[in-house]
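Please open the model in a viewer and keep the selection tool at hand. The stops below are given in the order in which they may be selected.

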Amino acid sequence: MTTISINPLDGIGTIHPNIYGHFAEHLGRCIYDGIWVGEDSPIANTGGFRNDLIAALRKLKPPVIRWPGGCFADDYHWQDGIGGREQRPRRINIHWGEVIETNQVGTQEFVQFCRLVGAEPYFCGNIGSGSPREIRDWVEYCNFPGDSTWARMRAAHGSPAPLNVTYWGVGNENWGCGGNFSPEDYGTEFRRTASFLRGFGGKQLYLIACGSPGNDVEWTNRFFRKLNKDYWAFNHIHGYACHYYCGTAGSATEYTTDQWYQLIGQGLQMEALVLQQRAAMDAYDPQRRIGLIVDEWGTWHPVEKGTNPAFLYQQNTLRDALVAATSLDIFNRHADKVVMANIAQTINVLQAMILTQGEQMLVTPTGYVYEMYAPHQGGKAVRAVVESETVTFKRGEKEENLPILAGSASLKEKTLFVTLTNIHATEACEVTVNLLGGASAQAGQARILSGEIHAHNTFEKPEALTPQSGALQAVGSSFKVNLPPASVMAAEIQLGA
Ligand code: AHR
């Protein structure tokens with residue numbers, strides 16, 4: 001028997017909308033030929049940004065988008081991306097295929113894009129090859145409300161009003177492509193850089209420190225040990241950002257049933273990361289002032305045949321959708337600590353929400369999960385305990401088990417929003433939903449994404465896999481929900497008075 005017991009009275013915390021954030025890097029066809037086609041493109045656009053993409057993204061409701069990298073960020077000099085586009089320098093993107101970066105999308109363009117899709121920008125500063133002064137000046141250019149030279153320049157470039165960029169990453173993967181620092185050396189760089197980053201005009205910046213590679217608790221301990229005695233620096237870390245890519249099993253579209261489970265199991269390791277990283281942080285920050293962030297995560301498959309290996313272009317199937325759904329459920333269940341997560345990446349790179357080919361555009365199964373899960377944003381996460389049957393599969397010669405059911409729940413006034421995933425590749429799952437604390441359901445409706453385990457959208461069949469809506473027999477304090485094999489359900493349940 002598989003059950004989920006939900007107590008609407010047992011609140012965990014507010015689900016920060018930023019958990020549903022994205023990441024968009026100057027990599028492959030994410031920015032150029034992805035979100036940006038240029039004003040002169042035959043593809044309908046607004047200020048160079050594809051209209052079809054803007055419309056599709058607005059439905060997914062990205063609250064925040066991290067930019068310009070990734071590894072790219074620690075070799076990006078923001079002054080290359082301001083002023084007249086024809087005069088902007090041509091640089092080499094040393095991390096991603098040595099392609100020429102034309103800087104046509106810079107600070108003002110990216111903020112404009114965020115406004116078009118309804119998201120906040122999250123800028124990642126250059127710690128690796130840059131300087132404290134460089135990022136300090138970038139903040140001034142973006143946010144200073146007074147009459148400084150940088151603020152005048154911003155006005156001359158089209159934005160007299162401050163751009164109001166709140167989220168600032170102090171480097172990216174500084175343990176690797178962002179400078180190969182030790183945690184202690186990065187701690188020194190963080191402290192030095194943060195000393196010069198000001199909110200201006202009473203505005204509070206939100207500074208995000210580079211966290212561990214995957215679930216590396218040693219990096220976290222060494223970084224916080226270095227800074228926690230330093231009252232000033234410690235108080236200027238608002239978020240601490242880990243990265244976790246769960247990798248692949250088989251390829252993006254070709255995998256066995258065992259590989260289906262293997263990858264979903266790798267995705268579920270996110271729970272161990274959140275649990276262990278938050279426990280490590282608690283030792284230095286018992287008041288839990290610093291938020292845990294996962295500002296890059298997702299699947300990472302071998303690139304599509306015939307595409308540039310440096311461009312990280314991959315297809316996206318129902319399996320990726322289940323990795324997304326179960327990861328988002330983990331973040332929801334840790335709403336008291338996880339304040340932001342940014343899936344990699346928005347479009348045409350890694351686990352993308354959107355793929356494009358010339359004039360064509362499609363929403364991936366992962367994109368539909370974001371649309372289905374959007375009502376969780378800003379809800380009160382409530383305790384949802386799953387007791388699940390398991391499925392056994394093989395990894396090499398070893399047998400492993402996974403629970404069939406995963407899920408999370410949130411509450412907005414009298415509406416309970418429940419997301420459930422049936423991981424079983426071939427069997428339906430009957431779930432008993434128990435409402436605790438005297439709660440009782442009056443009615444419900446659901447959207448379901450399900451199909452054969454390899455199902456995905458192609459440019460020939462862009463809507464082969466889309467969520468389907470239906471009524472839900474949700475009445476009383478206990479009711480049953482039938483989940484098809486390999487499915488994600490998002491259910492809105494009206495609770496009685
Ligand atoms: O998302 C692709 C790359 O993965 C990013 O540039 C880097 O931060 C990470 O290693």
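Begin by selecting glutamate 413, which is exposed, with a relative accessible area of 77%. In this predicted model, glutamate 413 sits in the loop that joins strand E19 (405–412) to strand E20 (415–422). Its phi is near 50°, a positive value in a residue other than glycine. Most residues other than glycine have a negative phi.

Next, select lysine 61, another residue that is not a glycine and yet has a positive phi, of about 55°. Lysine 61 belongs to the loop between helix H1 (51–60) and E5. Is lysine 61 buried, partly exposed or exposed? It counts as partly exposed, because its relative accessibility is 48% and that class covers values between 20% and 50%.

**Two cis peptide bonds**

Most peptide bonds are trans. Select glycine 69 together with glycine 70 to view a cis bond, with omega near 20°. Glycine 70 lies in the loop between strand E5 (64–67) and strand E6 (91–92).

Then move to alanine 344 and glutamine 345, where the connecting peptide bond is also cis; here omega is near -5°. Glutamine 345 is placed in the loop between strand E13 (338–344) and strand E14 (354–357).

**A buried asparagine**

Select asparagine 103 in the loop between strand E7 (100–101) and helix H2 (107–117). Asparagine 103 is classed as buried because its relative accessible area is 1%, and the class takes values under 20%. Which backbone oxygen does the side chain of asparagine 103 reach? It is that of proline 89, at 2.9 Å. To show the surroundings, add the residues in contact with asparagine 103 beyond its neighbours within four places in sequence: Tyr32, Tyr76, Asp80, Gly81, Arg88, Pro89 and Arg91.

**The two domains**

Now colour the chain by domain: domain 1 covers 16–377 and domain 2 covers 382–495. Their centres, taken over C-alpha atoms, are separated by 29 Å. Where the domains meet, 41 residues of domain 1 are in contact with 42 residues of domain 2. The area buried between domain 1 and domain 2 is about 3,400 Å², and carbon and sulfur atoms give 65% of it. Highlight Tyr261, Leu318 and Met372, which supply 22% of the area that domain 1 buries against domain 2, more than any other three residues.

**Polar links across the interface**

How many salt bridges does the rule find across the interface of domain 1 and domain 2? The number is 1. Select arginine 447 and glutamate 371 to see a salt bridge in which the closest N and O atoms are 2.9 Å apart. Between domain 1 and domain 2, 23 residue pairs are in polar contact.

To finish, display the elements that give two or more residues to the side of domain 1 that touches domain 2: helix H8 (257–268), helix H10 (318–333), E14, strand E15 (360–363) and helix H11 (365–373). The residues on this side of domain 1 divide into 20 nonpolar, 16 polar and 5 charged; colouring them by these classes completes the tour.

Technical notes
Residues are numbered from 1 along each chain as its sequence is written. This is a predicted model: local features need pLDDT of at least 70, side-chain atom pairs count only at pLDDT 80 or more; totals for chains, interfaces and linings use all residues. Side-chain values use heavy atoms; hydrogens and water are left out. Helices (H or I, at least four residues) and strands (E, at least two) are DSSP runs, numbered from the N terminus. Buried means under 20% relative accessible area, exposed over 50%, partly exposed in between (1.4 Å probe, protein chains only). A polar contact is a pair of N or O atoms within 3.5 Å; within protein, one must be able to donate a hydrogen and the other to accept it, and residues adjacent in sequence count only if both atoms are side-chain atoms. Contact means heavy atoms within 4.5 Å. Domain bounds come from an automatic or database domain assignment. Buried area is the accessible area (1.4 Å probe) that two parts lose on being put together, summed over both. A salt bridge is a side-chain nitrogen of Lys or Arg within 4 Å of a carboxyl oxygen of Asp or Glu. Ala, Val, Leu, Ile, Met, Phe, Trp, Tyr, Cys and Pro count as nonpolar, Asp, Glu, Lys and Arg as charged, and the others, Gly among them, as polar.
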